[in-house]
Amino acid sequence: MNFRTFAAFVGPSVFMMLLFIAFPLVSVFKQSFYVTQPIYETVEKETCTPGFLTQSCVTEKVSQPKLDEHGEIITQTQYVGLQSYRNVLEPERAWRAISDGSWHVLSTINFWKALRFTLTFTLITLPLVVGCGLGIAILINNAARSIRGPVIFVSLLPFIITPVIGVLSINWLFRGDGILTAMMEWWLNRDIALFAQAWTIEILMMLYRVWHVAPFAAIIFYAGLQTVNQDSLESAVIDGATRWQRLKYIVIPHLMPLIIFVSMIHLMDSYRVFEEIVGFSSQGYVISLQWLTFDYLTPDQAGNRSISRASANSMLTMIGVVILLILPLRRTWRDHKGGH
Amino acid sequence: MKLKTILMAGAMSIAATGAWAECAFENDVPLKSLSAGFEAWKAVTDAMAECGNFSASLDQEFREKQPEAFAADPALYQIGGVSNATLVPLLNAGTIRPLDDLVEKYGQDLLPNQLIKVDGKTMAIAMMVNAQHLMYRDDVLAELGIEEPKTYDDVLSAAAKIKEAGVMDYPIGGTFKTGWNLGQEFINMYLGEGGSFFGDGNMPAINNEQGVAALETLKAMTEYMDPEYLVSDSTYVQQQFQQGKIAMANLWASRAAAMNDEAESQVVGKVTMAAAPMGSAVPATTIWWDGIVLASNMSDEEADAAFRVALEGMDTDMVSANNDVAVWLSTAYSAGPLAAGAAASAEGGAKAYPASGPMGIMHTSLGNGLADYLTGAKDAQTTLADIEADYVTAAKEAGLISN
């Protein structure tokens, strides 16, 4: 392919990527070093509120932003260096907690609390997703040809459901006296409140995520299973290899590149865990890094939002994803180099 | 072709049913409104729509959209629905217009009470007030010979008796959902104790005796609440009441009518509305209002029409048709037993919600930080100190505290 044709094919996609990925990233990166704020002045104001018969009025000093001649709020933007990162990480408090050996205190600081959960969530669901995915794939592969279509369809269902809807339905099944909680209460004959402590909520979240993502892994592995060398399998059978040995020595090594691929996608996705927090409204017990960014960005009722801290936090989230990806990427790189 | 026919038929049928039959005038200026989505707003905007050429957005996320939509020129919505808290960003940005000239022209029927004045200028027209107040199960309390609770000590001892008698496992309900709801609970208690939130220069001032007292009362209540209290919002508490699972709660007046909704409630006529329990100083609640504002980025002609349509929305017909939906500010409103709680709280001296820019940040910090105390992760002083620190960080970033 000559360069001109290549450029014509790739150009639009590169342009889109620059416009919708690179540019926003650079902008967020820049915003994390600056703070933009209105200039406030203190004025005395009388405000009246309706009562039942008369109004009650109070006069008090309030801060209100200055407006320019067009009626726009005057803002100033200033370079604050790493201040926003310090505000998010709270290094002094975190360090004091660590040097006191007080894990407990560290886990009450927002960022560290979120990081703890995000990492636990990511690392525990990873093997479960790969394992379940492989299990489902083998199940489909061994199913009789006549029922294979329906089996694939049924096992894909969880992946098709919109995440927020999926989370909400789990929430409603288990919250308060939801059907499943009521069933468990009847079975165990005791009162159960699954949304009253952190660990039960975390288990529910992980179960949901595995249920939701395993079909994706399964369909990828299923595709991979179609290309396993049948001759090696047959000779293994002749040599007297058990089912488990065939899986361990032939199938899994063959699927390894796909397992790495699925792991990487899963690491990236689950490090940005968000729907579970919102859907379970678990922020009293459990928060995640992505949710923290969302929380900084949500304006309060007076319209204040913390854009600088949100930017800093999302940069930190991205750095976290990159660090997590280094291990699998290095392996792929090694295989790639060794393969030629 | 077919679609066009259907559209025409639709338009004809709306016209035929007399879309603006009940409106005093026929509106020919296209108007739009953006407000919250609860029942009262539905009633009001439906009444506005009777004038024609009007479309309403009822949106739970209205407070995120409103400041931007009103800052546009021309404004994307002519009429806005606000509460005393969501009025603040619009006031700060100067995107709503003073209404004095319009009130003079068309507002003869408004109560003086409805005119929300800021610095002498009418900036909003209130249509209803709302407050959290005590609702309790008359029958349950009477059976055990318990008097109407007047303070939180009363509430707690009543709860203890109900639990002891084995009537209910969790007699108290509360809107303790982490975030806005939980923050609001603390604000109620803290104002009830007579506390104030800020010192000079918008510095926080909640780490004090009143703050600790407010926290301790909240925690004492959770002993008698369903252990999943940190996810329970107003709707959840309302349902707990309707299903007869709780006997007492400090719940919004706008939810009172739901207790007697026969389609949903199993406790029709059994819930009494009483004043919010007293703190050391005043009843532990805050008074809120909801009302309308007009955008400043529109022509005088549009403003004229918008104001008249808005007044139609809250006229006496609408109020008499929807009397129990809210505590209306109108001559036509007859305050029934459902409004008794809000009225009694106001008479007891309950404070208005102290809405302001710093208060917005404080409310968020409280909402996010209080759970650590209730779950036992921190003690009261540490919790309050951490909330103050969180507030200071956010307020500095917003420019409300100078570095």
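Biologist: What percentage of the 403 residues of chain B count as buried?
Modeller: This is a predicted model, in which local features need pLDDT (the predictor's confidence in each residue, from 0 to 100) of at least 70 and side-chain atom pairs count only at pLDDT 80 or more, while totals for chains, interfaces and linings use all residues. Residues are numbered from 1 along each chain as its sequence is written, and chains are lettered from A and ligands numbered from 1 in the order in which they are written. A residue is buried if 20 or more other C-beta atoms lie within 10 Å of its own, exposed if 12 or fewer, and partly exposed in between, with C-beta atoms placed from the backbone. Of the 403 residues of chain B, the buried share is 57%.

Biologist: Over which residues of chain B does pLDDT stay under 50?
Modeller: The mean pLDDT of chain B is 89, and 95% of its residues reach 70 or more. Where pLDDT is low, the predicted coordinates should not be read in detail. That caution concerns a stretch for which the model has seven contacts (C-beta atoms, placed from the backbone, within 7 Å) beyond four places in sequence, and the stretch is residues 9–20.

Biologist: What is the radius of gyration of chain B?
Modeller: The secondary structure of chain B comes to 17 helices and eleven strands (DSSP runs numbered from the N terminus: H or I of at least four residues, E of at least two). The globule rule (2.2 Å times the number of residues to the power 0.38, with the radius taken over C-alpha atoms) gives 22 Å for 403 residues. The value for chain B is close to that, so chain B is as compact as a globular protein of that length: 23 Å.

Biologist: Which element gives the most residues to the side of domain 1 of chain B that touches domain 2 of chain B?
Modeller: Chain B is divided into domain 1 (25–129 + 287–344) and domain 2 (131–286 + 345–398), with bounds from an automatic or database domain assignment. In the pairing, 22 residues of domain 1 are in contact with 23 residues of domain 2 of chain B. The domain 1 side divides into 18 nonpolar, three polar and one charged residue (nonpolar: Ala, Val, Leu, Ile, Met, Phe, Trp, Tyr, Cys and Pro; charged: Asp, Glu, Lys and Arg; polar: the others, Gly among them). Five residues of this side come from α14(B).

Biologist: Which two residues touch the most other members of the largest nonpolar core?
Modeller: A nonpolar core is a set of buried Ala, Val, Leu, Ile, Met, Phe, Trp, Tyr and Cys residues joined through C-beta atoms within 7 Å. Domain 1 and domain 2 of chain B both give residues to this core, so it lies between them. Of the 191 residues in this core, the two are B:Met135 and B:Met248.

Biologist: Which element gives the largest share of the side of chain A that touches chain B?
Modeller: The two chains meet through 43 residues of chain A and 53 residues of chain B. The elements giving two or more residues to the chain A side are β1 (34–38), β2 (40–50), β3 (55–65) and α14 (307–338). The largest share, seven residues, comes from β2(A).

Biologist: How many of the nine residues of helix α10 of chain A are buried?
Modeller: Helix α10 (residues 230–238) of chain A is followed by A:Gly240, whose phi is positive, near 85°. This helix lies largely in the open, because its number of buried residues is zero.
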